[in-house]
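Dear colleague, please find below a short note on the structure under review. It is set out as numbered points, so that each may be read beside the structure itself.

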Amino acid sequence: MSNQDSVLTELQTALPHWRPQMFFKSSLVALSHAMEDQVLANPDAPLVIATFQQERFYRQEAHRYQRIAAKSPQVYVLSAPETEFQDASDSYETIAFDTTDALTQEWHLVIIGDHYANCLICRERQLSETEKTPIAMDTHRRFEGIWTFDRQVSGVAAQILLTRIAAYRPELLKKTQLAQQRYLNNVCPIDVPKAGVNALATGNPDPFVNRLVSYLQVGQYKLLKAYRAIAAQEQRERLLHLMTSAIRQSLNPDEMMQVAVEQLGPALRASRCIAYRCDALALSATIAHEFHTAGIPPLTGQPWPLQGNPLFEQVVATHDSVFIPNVRTDRQLPAGVAKQAVAQGIVAWLWVAIFYQDRFLGMIELHQCQTEQKTWTAEDVALAEAIATQLGVALIQAEAYANLEELNEQLAALERTRSNLVAITGHELRTPLSTIQVCLESLASEPDMPAELRQVMLSTALEDGERMRKLIQDFLTLSQLESGRIQWHIEPISLEECIELGLSNTRSQQAKRKIPTLVRGNWQDLPMVLADGEWFVEVLVKLLDNACKFTPPEGSISITAQPNAAQMMCLTVADTGRGIEPNRLETVFDRFYQEEGALQRTTGGTGLGLAICRQIIQRWGGTIWAESAGKDQGSQFHFTIPLADPLEE
Ligand code: ADP
C-alpha cells in the first residue's frame with residue numbers, strides 16, 4: 001500500500017507552533033541510538049515505532065530491535081522492502097510500505113514509556129545545486145524535522161503512525177488500539193506553546209542533551225566545510241592532472257589550448273572561456289579556442305580587439321590576473337572596451353596571462369554573462385592561473401619540439417651532404433689519385449721508357465692532380481661561403497671588364513681541347529655594377545665552364561647583358577647543348593647535384609659549381625635561375641647584379 005502524505009507535514013499541521021530543525025544524517029543516527037539505548041536501559045515496556053527509508057538501513061539495526069522487542073510487546077518497524085523485508089508478526093511487527101510511499105523520504109522513531117517519551121520525525125531534504133558536494137557523502141545527507149522529549153508531541157506522532165500502521169496492515173487494528181489505550185490515553189489535548197519559544201527548549205527537559213546535539217551538529221558542519229575545501233582542492237588537482245596528461249599526450253599547441261578552455265570553462269562555471277596566442281604588442285587576436293554554454297554567442301574565428309584595452313595592457317605588464325566583477329558598473333573601463341564587453345554579453349571578466357618565465361605567450365579569458373551567477377573566488381582565480389602556467393610550459397615544450405624537428409631536418413640534410421661528399425671523394429679523388437699513382441710508378445720503375453710516353457705519363461698525372469685540386473678548392477669555397485667567413489669587397493666595377501676576364505679564361509681552354517664557339521653579345525658601354533669583382537668573375541667562369549662541358553664542340557655559347565625593371569643588370573649565359581629537363585631547373589643548384597650522378601659522370605666536375613654561384617650572387621642581393629626548353633634544346637643561365645648608379649628613364 002502507498003500513502004503519499006508526509007508524516008512530518010501531518011504532525012506540523014496538528015502542531016503548527018512546532019518549527020522543524022535541520023539535522024545531518026550523522027546526528028540522526030546518534031539521536032536514534034541514544035533513544036533506543038534508553039529503552040534497553042529502562043525497566044519500562046514502551047511503545048516503539050521506527051520507520052526506515054530502506055530495508056538496508058533497517059538491516060543494520062535489526063539486532064537492536066530484537067533486543068528492544070524482548071522488552072515490550074508493542075514494537076513496530078516500518079520500511080520499504082528491497083529483498084526480504086515484508087509484513088510479519090514475529091518478535092515485533094514489521095510493516096512493508098510501497099517503494100513510492102512518502103515514508104521512503106522520512107525517518108521516524110517514536111518511544112512512549114511510563115516514565116519517558118520522545119520522538120524523532122524527520123524528512124530528507126533534497127539538496128540544491130550549491131549545497132551539493134562533488135562526491136556525495138552519506139553522512140552529509142540532510143533532514144528537517146522535529147526531535148523532542150515532549151510527551152504530547154510524541155503522543156500525536158505515535159497516533160499518526162499507529163493510524164498508518166492499521167491502514168497498511170488492518171489485521172493489526174486491535175493491537176494498535178491497545179497501544180493507544182495503554183500509552184496515549186492522557187496525551188490529548190495538545191498543549192500550544194507560547195509563540196516565539198523554541199520548541200526544543202520547551203520540549204526537552206535536559207539541556208545537556210540539547211548541548212550534545214548542538215555539538216554534534218557543529219561538528220558535522222565543520223566536517224562538511226573541511227570536506228568542501230578538500231573537494232575543491234581535489235577538483236583543482238584533478239584538473240591540473242588532466243591538463244598535464246593532455247600535454248604529455250600531445251605536442252600540438254592547438255590541442256592543448258582546446259583542452260584548457262574545455263576544462264577550465266565548466267570548472268569555473270563560466271559562460272565562456274577563450275584562449276588565444278598573441279604577443280605583448282598585439283593589436284588584436286583571433287579567437288581559435290573556446291568553450292561556451294548553451295545560448296551564449298560564440299566568438300570563434302572573430303577578431304578580438306586588444307589595442308588600447310587597459311586590462312590586456314595591465315596583464316601583459318604585470319603577468320598578474322585582472323578581474324572585473326561587473327563591466328557595466330566599472331567606471332575605470334574606457335567606453336570602447338566596455339562596449340566590446342557588453343556587445344558580447346559579458347558581465348564579469350577575468351583575464352589570465354599565459355607566460356613562461358618572462359615571455360608572454362597569450363591569454364585566457366573567462367566571461368560570466370549571467371548577472372545572477374556567482375562570480376569567481378580567489379581560489380578560482382588561482383586555479384585559472386595554475387592552468388595558464390601549465391599551458392605556458394606546454395606551449396614552450398611544443399615550440400622546443402618543433403625547433404628540434406627543424407634541427408633534425410637540418411642534421412639529416414647535413415648527413416646527406418656528408419654521404420654525398422664521401423661518394424664524390426670516393427670517385428673524384430680516388431680515380432685521379434690512382435691514375436697519378438700508376439703514372440708515377442711506371443715512370444719510377446721504367447727508367448728506359450721512351451721520351452714521348454714519359455711526357456704522356458707526366459701530363460696525365462698533372463691533369464688529374466689539377467682535377468683533385470679543383471674539387472678540394474670548390475668544397476672549401478662553398479663551406480666558406482655558407483659559413484659567412486668570406487671578406488667581401490663590394491664596390492662599383494666595370495661589367496665589361498669582368499665579362500672579358502671570364503671569356504678569356506674560357507678561351508684559354510681552347511688550347512687544350514676543342515670548345516664550342518663563343519658568341520660575343522653586343523655589350524659596349526655597359527654600366528658599372530655593384531659587386532665583388534673577384535667573385536663575379538668566378539661566377540662567369542663557372543657558368544661558361546658548364547656551358548662548354550655540356551655543349552658539343554660544334555655548338556655555340558653566348559653571353560648577353562641587359563638592364564631589367566628592378567634597376568639591376570641581368571646577365572645570361574646561353575648554350576646550344578644538352579639542355580635541362582623542366583623538373584630539374586631548380587635542382588641543378590643543389591649541392592652535389594649532377595644529372596648522371598657522381599659515379600657515372602664523364603665530364604668531370606664536382607656538382608658544387610652552381611651552388612657556389614647562387615651563394616655568391618645572393619651576397620649582393622641578386623638571383624640566379626636556369627631556363628631550358630628541355631633535353632637537347634640548350635640551356636640559359638640568368639643572374640642579376642645591382643647597378644652602381646640608377647639608370648636614367
Ligand atoms: P658540375 O661541376 O657537375 O658541373 P654544377 O653545380 O656546376 O656542377 O652543375 C650541376 C649540374 O647541373 C651539372 O652536373 C649538370 O647536370 C647541370 N648543368 C649545369 N650547367 C648546365 C648546362 N649549361 N647545360 C646542361 N646542364 C647543366
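The points that follow concern a predicted model, and they take up its domains, its sheets and its helix contacts in turn.

1. Domains. The domain assignment of the chain gives three entries: domain 1 covers 7–224, domain 2 covers 250–392 and domain 3 covers 489–642. Taken over C-alpha atoms, the centres of domain 2 and domain 3 are separated by 59 Å.

2. The antiparallel sheet. One open sheet consists of five strands in the order β11-β9-β15-β14-β13, and its pairing is antiparallel. At its edges are β11 (289–292) and β13 (322–324), each of which pairs on one side only. When direction is ignored, neighbouring strands of this sheet are turned by 10° against each other on average.

3. A strand pair and a helix on this sheet. Strands β14 (residues 348–356) and β15 (residues 359–368) run antiparallel and are joined by nine bridges. Within this pair, Trp-351 has Glu-365 in β15 standing opposite. Helix α8 (residues 253–267) packs on the sheet, where it touches β9 (272–277), β11, β14 and β15. The direction of α8 makes about 20° with that of β11.

4. The mixed sheet. A further open sheet of five strands follows the order β17-β19-β20-β22-β21, with mixed pairing. Its edge strands, β17 (517–520) and β21 (624–628), each pair on one side only. From one strand to the next, the twist averages 20°.

5. A strand pair and a helix on the mixed sheet. How many bridges join β20 to β22? There are eight, between residues 568–575 of β20 and residues 635–642 of β22, and the two strands run antiparallel. Met-568 stands opposite Pro-642 in β22. Helix α13 (residues 495–507) packs on this sheet and touches β17, β19 (556–563) and β20. The direction of α13 makes about 170° with that of β17.

6. Helices α13 and α14. Helix α13 also packs against helix α14 (residues 533–549), at an angle of about 40° and with the axes 9 Å apart. Because of that angle, α13 is oblique to α14. The crossing of these two helices is right-handed. On the α13 side the contact includes Leu-495, Cys-498, Ile-499 and Leu-501, while Phe-536, Val-537 and Leu-540 are among the residues of α14 that take part. The residues of this contact divide into 11 nonpolar, three polar and no charged.

7. Helices α14 and α15. Helix α14 has a contact with helix α15 (residues 609–619) as well: their axes come within 10 Å and cross at roughly 150°. The two helices are therefore roughly antiparallel. The crossing of α14 and α15 is left-handed. In α14 the residues involved are Trp-535, Glu-538, Val-539, Lys-542, Leu-543 and Asn-546, and they meet Gly-609, Leu-610, Ile-612, Cys-613, Ile-616 and Ile-617 in α15. How do the residues of this contact divide into nonpolar, polar and charged, and what is the number of each? Eight are nonpolar, two are polar and two are charged.

8. Points to check in the view. The reader may wish to follow α14 from its right-handed crossing with α13 to its left-handed crossing with α15. The two sheets may then be set side by side: the pairing is antiparallel in the sheet that contains β14 and β15, and mixed in the sheet that contains β20 and β22.

Definitions and conventions
Residues are numbered from 1 along each chain as its sequence is written. This is a predicted model: local features need pLDDT of at least 70, side-chain atom pairs count only at pLDDT 80 or more; totals for chains, interfaces and linings use all residues. Side-chain values use heavy atoms; hydrogens and water are left out. Two strands pair if DSSP finds at least two bridges between them. Helices (H or I, at least four residues) and strands (E, at least two) are DSSP runs, numbered from the N terminus. Axes are lines fitted to C-alpha atoms, for helices over the stretch in contact, and angles run from 0 to 180 degrees between N-to-C directions. Contact means heavy atoms within 4.5 Å. Domain bounds come from an automatic or database domain assignment. Angles under 35 degrees count as roughly parallel, over 145 as roughly antiparallel, 65 to 115 as roughly perpendicular and the rest as oblique. A crossing is left-handed if the near helix is turned anticlockwise from the far one by less than a right angle, and right-handed if clockwise. Ala, Val, Leu, Ile, Met, Phe, Trp, Tyr, Cys and Pro count as nonpolar, Asp, Glu, Lys and Arg as charged, and the others, Gly among them, as polar.
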